[in-house]
Amino acid sequence: MRKRKKKGKTLLSMVLRLAEENRDQGKASSYRGYMAVSRQLKKHGFEELPLADTDGLAMASLQSAMAADGLNPNTIACYMRKMRHAYFVAVEKKIVKDARPFARIHTATTPTVKRSLLPEDMKRIRLIPLKDPSMAFARDIFLFLYYCQGMSFVDASNLLKTDVCNESFTFRRQKTGQLIYVKLPPQAREIIERLSVKDSPYLLPILDNPADAEEKVRQLTAVHRRINRNLKRIAKMADIPVNLTTYVARHTWATAAYWCGIAVSVISASLGHTSERTTRIYLADLDPTAIETATLTVANLID
């Protein structure tokens, strides 16, 4: 723990600034991430660390403190990336001169166990009897994400009924801004019909007409946590030894598509990736029917 006299803007203030910006933009996941970082800064005595004093020694000390707490290495790397981004924003705004405090700090993600399910696992989840409405709802959302090209939870929550046209829809990924086309397979349409709320503008009953961005983030966070909690219960009932969350649907769809022989360029486009070089090359000329075929093929895999 390093105690310093408060002078000028602090790293914590920049982290909280980004948290508020993400909250106002309805980016629930990013908002939660920056708030988690702020808690780590406070917990380990860095709440008054000035940007001007943010150096490699301070960041290495914080990194070691989080490791001593038993945090997962990938969680620590994620937190350090968010702090690095907050620091770089301050540099860009000429609040502080770049002292390169993250030059020797590990921020890369370490490969982990794959978070995808086998088709037989997905079938067990789909067919297991569920009497609890909240658990049935969690399963429906999980399957919808899988059926719709491994869609992210936050993107699905923002879908409006008016987005659907001729049994398909397009949306922009909140994370990247990438425009994605989705052909609704029959299985996803059944879920929409089952969950549809008459007076709600949303395609899925995840959000309840939030009054503002802050309330939207609050609702998303609460519902997402409840769904993931119930998915873990479902996994235990189905005897599937996986930490089941909504994100597993995304990994599972991508893996299943690959097993079905679908081109990596089509999988990347379906997921909305923008960082792969091959995706950028193929997107302009990608045949929409290739994505439709991928969606229907993977959906039918678990029937």
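**Figure 1. N300 in helix α13, a partly exposed residue.** At 46% relative accessibility, N300 counts as partly exposed. This residue belongs to helix α13, which covers residues 288-300. For a long-range partner, look at Q187: the C-alpha atoms of N300 and Q187 are 8.6 Å apart, although 113 residues separate the two along the chain. Keep in mind, here and in the other views, that this is a predicted model.

**Figure 2. The whole chain, for orientation.** Before zooming in again, here is the full fold: 13 helices and three strands in the protein chain. The radius of gyration is 21 Å, which agrees with the value near 19 Å that a compact globule of 303 residues would have. Along the principal axes, the C-alpha atoms fill a box of roughly 60 × 45 × 40 Å. Of the 303 residues, 48% are buried. If you count contacts between residues at least 6 apart in sequence, 65% of them join residues at least 24 apart. The accessible surface adds up to about 16,000 Å², and carbon and sulfur atoms own 52% of that area. On the charge side, there are 48 positive and 30 negative side chains, with the centres of the two sets 7 Å apart.

**Figure 3. A86, a buried residue on helix α4.** How accessible is A86, buried or exposed? A86 has 0% relative accessibility, so it counts as buried. The residue is part of helix α4, which spans residues 73-92. Leaving out residues up to four places away in sequence, A86 touches L11, M14, V15 and L18. Y34 is worth showing too: its C-alpha atom is 9.3 Å from that of A86, with the two positions 52 residues apart along the chain.

**Figure 4. Aromatic rings, as a pair and as a cluster.** Two numbers do the job here: a pair of aromatic rings is described by the distance of the centres and the angle of the planes. Searching the whole structure turns up four aromatic pairs. One of them is formed by Y146 and Y147, in an edge-to-face arrangement. Their ring centres are 5.8 Å apart and the planes make an angle of 65°, which is edge-to-face because the cut-off for that class is over 60 degrees. Both tyrosines, Y146 and Y147, are buried. Elsewhere in the view, ring pairs tie Y87, F88 and F102 together as a cluster.

**Figure 5. K94 and A103, two residues of the α4-α5 loop.** K94 sits in the loop between α4 (73-92) and α5 (119-127). What is the backbone phi of K94? The angle is positive, about 60°, even though K94 is not a glycine. K94 has a relative accessible area of 74%, so this lysine is exposed. A103 is found in the loop between α4 and α5 as well. With 45% relative accessibility, A103 counts as partly exposed. To frame A103 together with A138, leave some room: their C-alpha atoms are separated by 42 Å, while the two residues are 35 apart along the chain.

**Figure 6. S200 and L207, buried residues of the α8-α9 loop.** S200 lies in the loop between α8 (186-195) and α9 (213-237), and L207 is in the loop between α8 and α9 too. S200 has a relative accessible area of 12% and is therefore buried. L207 is at 4% relative accessibility, which puts it among the buried residues. Once neighbours within four places in sequence are set aside, S200 is in contact with K161 and L207. With the same neighbours left out, the contacts of L207 include S157, N158 and S200, and Y202, K216, Q219 and L220 complete the list. L207 and V223 are 16 residues apart in sequence, and their C-alpha atoms are 8.3 Å apart.

**Figure 7. N209, a positive phi in the α8-α9 loop.** N209 is located in the loop between α8 and α9. Its phi is positive, about 45°, and N209 is not a glycine. Where does N209 fall on the accessibility scale? The relative accessible area of N209 is 46%, so the residue is partly exposed.

Technical notes. Residues numbered from 1 in each chain as written. Predicted model: local features only at pLDDT ≥ 70, side-chain atom pairs only at ≥ 80, totals over all residues. Heavy atoms only, no water. Helix = DSSP H or I, 4+ residues; strand = E, 2+ residues; numbered from the N terminus. Rg over C-alpha atoms; globule rule 2.2 N^0.38 Å. Buried < 20%, exposed > 50% of the residue type's maximum accessible area, 1.4 Å probe, protein only. Contact = heavy atoms within 4.5 Å. Areas by Shrake-Rupley, 256 points an atom, 1.4 Å probe, with all protein chains shown as cover. Lys, Arg positive; Asp, Glu negative; His and termini not counted. Charge placed at Lys NZ, Arg CZ, Asp CG, Glu CD. Phe/Tyr/Trp six-rings, centres within 6.5 Å; stacked < 30°, edge-to-face > 60°.
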